There are 2 protein chains.
Amino acid sequence: MEGALSPPGQTETEALGEKSLRAGYRLACQAKPMGDVKVYIPPESLTTAQRLQVEAKETVTSRLAPAVTLADLHLKPPGLHDLRADTTRLKDKLVEMGLPTARVEFPLLAGLSDQLRQHNWAVRLAIRQGEIVGILPQEGRLLGLAVDVGTTKLAGYLVDLDSGETLAQAGMMNPQIAYGEDVISRIAYVINEDDGTRAMQQTITEAIDSLAAQLCREAHADPSNIVDMVAVGNTAMHHLLAGLPVRQLGLAPYVPAVSEPLDVRAHHLDLDLAPGAYVYLPPNIAGYVGADHVAMLLASGVHEAGEPTLALDIGTNTEVTLAASSRLITCSTASGPAFEGAHIRDGMRAAPGAIERVHISGAEVQYHTIQHAPPIGICGSGILDGVAEMVRVGAIDRRGVLQEDHWSVVKRDSRYAFVLAPASATGHGRDVVVTRSDINEIQLAKAAIRAGTEILLEEAGIQADEVQKVIVAGAFGTYLDIDSAIRVGMLPDLPRHRFRQVGNAAGAGARQMLVSAESRHIAAEIAERVEYVELTVHPLFSAEFLKQMYL
Amino acid sequence: MEGALSPPGQTETEALGEKSLRAGYRLACQAKPMGDVKVYIPPESLTTAQRLQVEAKETVTSRLAPAVTLADLHLKPPGLHDLRADTTRLKDKLVEMGLPTARVEFPLLAGLSDQLRQHNWAVRLAIRQGEIVGILPQEGRLLGLAVDVGTTKLAGYLVDLDSGETLAQAGMMNPQIAYGEDVISRIAYVINEDDGTRAMQQTITEAIDSLAAQLCREAHADPSNIVDMVAVGNTAMHHLLAGLPVRQLGLAPYVPAVSEPLDVRAHHLDLDLAPGAYVYLPPNIAGYVGADHVAMLLASGVHEAGEPTLALDIGTNTEVTLAASSRLITCSTASGPAFEGAHIRDGMRAAPGAIERVHISGAEVQYHTIQHAPPIGICGSGILDGVAEMVRVGAIDRRGVLQEDHWSVVKRDSRYAFVLAPASATGHGRDVVVTRSDINEIQLAKAAIRAGTEILLEEAGIQADEVQKVIVAGAFGTYLDIDSAIRVGMLPDLPRHRFRQVGNAAGAGARQMLVSAESRHIAAEIAERVEYVELTVHPLFSAEFLKQMYL
């Protein structure tokens, strides 16, 4: 990330390939530092996995009525006195059975004739909106796949479309991270590299294929039985997955190529599911409010809330929706990657050894690390707790300035810092500290989130304390301490019972759209209803943001 | 084709690649014969081109109303106060203009955002059945491509969809010939080779791309302006182009995977046309009666004939349709490749030096060659003339046996033969002769065609002389001498004015479907109406076939 390394030799070129080298990958056993360097170790290279939020809590359930249904057919084989084409034979049979006829389209057509013969003319058809999307053997299971495509991670769910049961679920890192940690650097990659769109798309579709294969292994199933898929993600992930242009997403005024729901053939994305399977991509709302937020609103029932309800998806961009008086008002705030451990001196992702809870008792700093490993850094919930506690004990003032005379504040490299864990206790023998600059990152993040929230309240004409329910979704939202978030001013100070930390509600929404075709219509209605507020041109935003910088 | 050659060395491997070597290609300057060998020189290696029939005569004209229409849009660019997605902006504009809304689907979506910006938000849309299939600059020409995909050759036509005018037309060899001359050997290739379907498809789509590029160069146009395409061919060519399975076409009872009309995305076939363009594939009738025959019936107006009409497409398979009493009865007969010069001792395709006309006057054999070159072989119309003349002058009897005592019959290699051109007059210094075996090939071919015709007359319950019009289509059909065809018994002996040699009527039908969407419905109706007669199980066919073997 910084500093110079020896140029890559033949071993590295052969092992990594030109593409990975250009993306900045090096072999640790070959590259020699030519001075001080800063190295990023990608999460997939860590021996321990990052904690991924896959589960969701308290989500709305919906009636089992998937988009894909099945029909079992026993066909008469062709003969010299019955020369109908294979598709004609199939369609005639459906009509004979009193079922509506169904189209057979590419790419299913390519395998149809061989499959009919292989299954001895007794097949189970998967039919979606009048089109045959899969040909399974008799008794073959009808499966669906829901995927939440996050900038950092993927969460996948394998669902039995016949029972609605989730057969397996798993998370994995989004390998696009090799092209940049945030959406902006990935968009830049696509714009600057020939065939960047294709490379980025292939990276994610290969990951989804491998996730599907893993889930199928767990469930003793085969990916060719996956006849339907729903994928949600932010607008950039949505566009990169679908192979849509992203240049205009990276430049003001940041408009999506497409907002409406899309049915994309899995085959078109090179996904290895049933040959005719579609991927349903729910609508997005704006360049920085994606289908994942729509899915979260759907799963959390925000669209049918009877009382003022606030819903937040906290991440590098935080989407906030306020439901009030039958309105849904949404904004997106650039809260930055601080809560994912980035831009924080000792920040790290939520992996073993990350300090995730901090409590200051008297003159003692108590902390809790993931998997009780010796501390090596701080993750999002830890830094939020830390700052909240520092405010409480007076180690920093409301502007975030460290108080030199406070017992906990020390001088390191001619700068002041707050020591969370001393070198003697840590896994790497160095202090784990919080610096003024770290505190500032948290102030920027929380100010963005809170200012967005206040603008929405202003737009709806209600006061914060009228909000009866606050839904906090996403991985960081699951682990953050509500008291700390209130204390630093990120969330409004409301009775604690009004808060719900719902986990991966976007994933739950995707699953819901998989088992209920009706939910897709509801999701489309949600996206239609949402009034999007563009904060960058809102007259009150700058002032509100500055005000909310105070702790 | 026969015998052993030296194994390919490095030069050949590098020049031709593994794939071509496997397909049997060799470099003439490198491969050494290890004994007697028989070598096939592909037509594309000939320095002179084969005569290709592209033109059509006497075809029905249709109202100009193509499937693709255009709309010129001037869009307001997005801004921070107008954040609609690009597709939403496009659709809203159509509605604002009082036009029906239109879908935007893959793969057009992939380029949409960049194109709108590149054309400064002023674009010409190509719209097909409520879907945007092309985005052109303002004033961009709306083009269509019609292709007749024959087993041996392709004929392509570039059409201005705005005026209906054919801007350019050209023929080229079907490069699939490298995988076998007839459809059976190509089907065998697909069945036996991994990825054979893909290889065969790619071969033909690359040829169509190159044909399109050539036509566009002639017309000073760009293939990206081709927003619609129609392709016709026999059922095997149709399946190979579309990437459909062909195994069941090669095995009894020879059923197509699909009979109904197909709209295939050009992108799906890797064709380099407008990004959203479709290829319309008209319906086929049976495993050996394809969309090219439907197109021929359409272009020749056979479906609306008021009097008994016979229509023949003569080739390796000859399709025959009889229109009588509002019925359309069709059969396919295995007439073999003799008329294309194959299986004939001195047979050749219709290229310069081929004897194409024969007349025996007294004791002199008069002939005419293509481009007046010294004779080197005989093409289809030449051998037909030759046999007809030999019958007339008594050089062969009605069974096809050469009469040893006839002045024209000589003994060559202990077998009797009829010398068309003596060694002294030919281009290669060897006699060009007709053998007993050649005559037999012609007998088989003409017997198949005539027996099929008789079965259709029988089915319709009419006599041959009730037929008022006989339409003979295709390249060979254009050049054959009607008198000779009648004399050998291939065609019924009717007044000559009832015969029409219409040229490439299949290509004309394809063009018609390009400029008139209505014609596509008519073609589908024709295919629906046709009563297909399977000759191999027809009780009268064998006897009729044997009877028709007589000259």
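Which side chains meet in a salt bridge at 2.9 Å, N to O? I started my notebook with that one, and the pair turned out to be B:Glu454 and B:Arg450. I should say at once that I am working with a predicted model.

**Entry 1: salt bridges inside helices**

I looked up where that pair sits: B:Glu454 and B:Arg450 are both in helix H10 of chain B, which covers residues 436–460. They are four residues apart, about one turn of the helix. An α-helix has 3.6 residues a turn, so residues three or four places apart point the same way. I also checked burial, and B:Glu454 and B:Arg450 are both buried.

Next I went to helix H2 of chain B, where B:Glu96 and B:Lys93 form a salt bridge at 3.3 Å, N to O. Because these two are three residues apart in H2, about one helical turn separates B:Glu96 from B:Lys93. Are they buried or exposed? B:Glu96 is exposed, with a relative accessible area of 64%, whereas B:Lys93 is buried at 18%. I noted that the cut-off for buried is under 20%.

**Entry 2: a salt bridge at the start of chain A**

Over all chains I have 57 salt bridges. One of them joins A:Arg26 to A:Glu12, with the closest N and O atoms 2.8 Å apart. This pair links distant parts of the chain, 14 residues apart: A:Glu12 is in helix H1 of chain A, and A:Arg26 is in the loop between helix H1 (10–22) and strand S1 (68–74). A:Glu12 counts as buried at 2% relative accessibility, while A:Arg26 is partly exposed at 23%.

**Entry 3: two buried acids**

I picked B:Glu389 next and found it in helix H9 of chain B, residues 380–393. B:Glu389 is buried, with a relative accessible area of 4%. What does its side chain meet? A polar atom of the B:Glu389 side chain lies 2.7 Å from the backbone nitrogen of B:Ile360, and a polar contact of 3.0 Å joins the side chains of B:Glu389 and B:Arg487. Leaving out residues up to four places away in sequence, B:Glu389 also touches residues including B:Val358 and B:His359.

In chain A I looked at A:Asp431, which sits in the loop between strand S18 (415–421) and strand S19 (432–435). A:Asp431 counts as buried at 14% relative accessibility. A polar atom of its side chain is 2.6 Å from the backbone nitrogen of A:Ala423. Its other contacts, again leaving out residues up to four places away in sequence, include A:Asp346, A:Arg412 and A:Pro422.

**Entry 4: an enclosed helix and a loop proline**

How many residues of helix H8 of chain B are buried? I got 10 of the 10, residues 291–300, so H8 is largely enclosed by the rest of the structure. Among the buried residues are B:Asp292, B:His293 and B:Met296. B:Gly301 follows H8(B), and its phi is positive, near 70°.

I then checked B:Pro495, which lies in the loop between helix H12 (482–488) and strand S21 (499–503) of chain B. B:Pro495 is partly exposed, with a relative accessible area of 34%. From B:Pro495 to B:Pro261 the C-alpha separation is 38 Å, for residues 234 apart along the chain.

**Entry 5: the two chains together**

How are the two copies related? Chain B can be laid on chain A with an RMSD of 0.3 Å, by a turn of 180° and a shift of 0.1 Å along the axis. The two copies are thus related as by a two-fold rotation axis. In chain B, the residue closest to that axis is B:His268, at 4.4 Å (C-alpha). The same surface serves both copies, as 100% of the contact residues of chain B recur in chain A.

I jotted down that each chain gives 39 residues to the contact. About 3,200 Å² is buried between chain B and chain A, and carbon and sulfur atoms give 67% of that area. On the chain B side, B:Leu80, B:Leu83 and B:Phe106 lose the most area to chain A, together 20% of what that side buries.

Last, I counted four salt bridges between chain B and chain A. B:Asp114 forms a salt bridge with A:Arg247, the closest N and O atoms being 3.9 Å apart. There are also 10 residue pairs in polar contact between the chains, both residues at pLDDT 80 or more. Helix H3 of chain B supplies the largest share of the side that touches chain A, with five residues. That side divides into 20 nonpolar, 11 polar and eight charged residues.

Technical notes:
Residues are numbered from 1 along each chain as its sequence is written. Chains are lettered from A and ligands numbered from 1 in the order in which they are written. Side-chain values use heavy atoms; hydrogens and water are left out. Buried means under 20% relative accessible area, exposed over 50%, partly exposed in between (1.4 Å probe, protein chains only). A polar contact is a pair of N or O atoms within 3.5 Å; within protein, one must be able to donate a hydrogen and the other to accept it, and residues adjacent in sequence count only if both atoms are side-chain atoms. Contact means heavy atoms within 4.5 Å. Copies are superposed by least squares on the C-alpha atoms of residues with pLDDT of at least 70 in both. Buried area is the accessible area (1.4 Å probe) that two parts lose on being put together, summed over both. Ala, Val, Leu, Ile, Met, Phe, Trp, Tyr, Cys and Pro count as nonpolar, Asp, Glu, Lys and Arg as charged, and the others, Gly among them, as polar.
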